[in-house]
Amino acid sequence: KDRIMTSISELLRELVLIESRLGCYEILYRGMPLYRIFRFELRKKYLKKRVPNYTNDSRKSSFSISSVFINVLYSLYDVCTVCFTKKKVDTIIFPHFRLFNFNGVLIEKFTDPLLEQSSLLGSVAVFQQSYRVNYRRKRLRIDMLYQVECLTMFTFMVSLVLLVFFYFGKTRKDIDILIKKIRRLQSVAGKDRFKMYFNFVNFYVLSFYYRQIFKKLKCKRIFVVNRDSFKSQIFAAHQLGLKVYELQHGVTMGPTVLYSGFFNPVIDPDYFLTFGAMWKGELFAMPVDRTINIGFAYKNYIQSLNVKISKGIESVLVISSPAITEEIVTIVEKLAILYPMNKFYFRTHPQENLSVSQKERLTLCLNVFYSDKSIESNIEILSYEHVIGTNSSVLFEALSLGKNVGRLAFGGLFINRYIGDDDFYYVQSLEDFDNFLRNRKRGIGKAYSDFEEDKLGMIL
């Protein structure tokens, strides 16, 4: 895993330099590098050709047709309400697509706790879309919710029609010039060219619609989770002079497909809000003075629940990851034999499924159980004293909650420390696992700090 991550990091550093040298950022559209609309997908394609099992998504994609239909109907009503309302809002929030079930209520872990713990945002509208589940009646803060699935689908259909007119415009010629530059880096087939044409038109149409919505609601600012997913909204907001804030949504330790590159004030947020002091601006292609550590509101939110340890001191939560599933399964098999008095609860990544043979091997271990993935990771962590894994963000979450957290550094897993004394216990062997269980040192690390409303207030 570490060798793969090092390879990806090296490739990305090299890729950023090549993109710049080829002039990919020189072709502008209203002050924004045209390349930024396509960069994320093109980078993924580049890495897939060069890194074995780059995505390693072993999960089968599935969604309910009925849920999609119901969500589109609800969103049609909500979008019409926005179009004809006289309501004004100060803040519009675009949360992450992934929702978690918490005591029968669906929550989004990055923006919902911010709303719950801060009174600085004024009147708020939450523009949500999530196709996999019908979330209308279960969503937290339903009073603020506007579903926007139909807007995305309508944009898709309109873009197909406008594609004919786009073909004769100047921007199409600019994209062709950009494609010539990209072809010096990787192949761009006919279907890739068409996809780039369509993605630009879709970006243009969606940003146009949101520009009208922002003007209609007279909002002052927007919050997003993942700048690439909401680039149309960011572009539209900046055209109207609105402030844009992006919330950190995962662990970023080095170069990434999403962030690596150069800051642009038209398509990037005005401020990037991090979980803790560990995260620096250069990791997110943001100026240092625009990267603000406001803390992790969700951490404070769940700590207020006072959940008691329910699994027992002998239980261990195992955090797996798609790129190292086999190594983790093998280690857990051996640990289960050597430590029969311990119980191991195996939690897979949202994009990971165990193979039939891996499931059979773990089933033979009577003290290995499967974690319930429907429970959000932070909530589940509260039930354990010990958590082990390698590079998952869940390990940082567990550390911030005061748990005994071990990073597995054996069995084919070669890892380096994140920073000096990072408060993790590095398990060097099967035998060293016993020392890990006896470890009484606790440190919350620098990745997830307490939420500080004052810091947020200073930049609103």
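Biologist: Is Phe127 buried or exposed?

Modeller: Happy to start there, and please keep in mind that this is a predicted model. Buried means under 20% relative accessible area. The relative accessibility of Phe127 is 3%, so this residue counts as buried.

Biologist: Thanks! How many of the five residues of strand E6 are buried?

Modeller: Strand E6 covers residues 124–128. Val124, Val126 and Gln128 point one way, while Ala125 and Phe127 point the other way, and all are buried. The strand is therefore largely enclosed by the rest of the structure, and the number of buried residues is five of the five.

Biologist: Which strands pair with E6, and in which sense?

Modeller: Strand E3, residues 91–94, is joined to E6 by three bridges, with Thr91 having Val124 as its bridge partner. Strand E7, residues 145–147, also pairs with E6 over three bridges, and there Gln128 stands opposite Gln147. The names you want are E3, running parallel to E6, and E7, also paired with E6 in the parallel sense.

Biologist: Nice. How many aromatic pairs does a search of the whole structure find, and what kind of pair do Phe94 and Phe127 make?

Modeller: The search finds 39 aromatic pairs. For Phe94 and Phe127, the ring centres are 5.6 Å apart and the planes lie at 80 degrees. Planes over 60 degrees apart count as edge-to-face, so the pair of Phe94 and Phe127 is edge-to-face.

Biologist: How many residues apart in sequence are the parts that this pair ties together?

Modeller: Phe94 belongs to strand E3 and Phe127 to strand E6. Phe94 has 1% relative accessibility and so counts as buried. Because the two rings lie in those two strands, the parts tied together are 33 residues apart.

Biologist: Let's turn to Phe168. Where is it found, and is it buried or exposed?

Modeller: Phe168 is in the loop between helix H5 (149–166) and helix H6 (170–182). It helps make a nonpolar surface patch of about 660 Å², together with Val161, Leu162, Val164, Phe165 and Tyr167. With 68% relative accessibility, Phe168 counts as exposed.

Biologist: And which residue has its charged end over the ring of Tyr167?

Modeller: Tyr167 is part of the same nonpolar patch as Phe168. Both also belong to one aromatic cluster, whose members include Tyr29, Phe166 and Phe235. The charged end over the ring of Tyr167, 4.4 Å from its centre, is that of Arg172.

Biologist: One last thing: how far is the charged end of Arg50 from the centre of the ring of Tyr46?

Modeller: Here the charged end of Arg50 sits over the ring of Tyr46. The distance to the ring centre is 3.7 Å.

How values were computed: Residues are numbered from 1 along each chain as its sequence is written. This is a predicted model: local features need pLDDT of at least 70, side-chain atom pairs count only at pLDDT 80 or more; totals for chains, interfaces and linings use all residues. Side-chain values use heavy atoms; hydrogens and water are left out. Patches are made of residues with over 30% relative accessible area and no salt bridge: like charges are joined within 9 Å, nonpolar side chains (Val, Leu, Ile, Met, Phe, Trp, Tyr) within 5 Å. Accessible areas come from the Shrake-Rupley method with a 1.4 Å probe; for residues, only the protein chains shown count as cover. A salt bridge is a side-chain nitrogen of Lys or Arg within 4 Å of a carboxyl oxygen of Asp or Glu. Helices (H or I, at least four residues) and strands (E, at least two) are DSSP runs, numbered from the N terminus. Buried means under 20% relative accessible area, exposed over 50%, partly exposed in between (1.4 Å probe, protein chains only). Two strands pair if DSSP finds at least two bridges between them. Rings of Phe, Tyr and Trp (its six-membered ring) pair if their centres lie within 6.5 Å; planes under 30 degrees apart count as stacked, over 60 as edge-to-face and the rest as tilted. A charge sits over a ring if NZ of Lys or CZ of Arg is within 6 Å of the ring centre and within 35 degrees of the ring normal.
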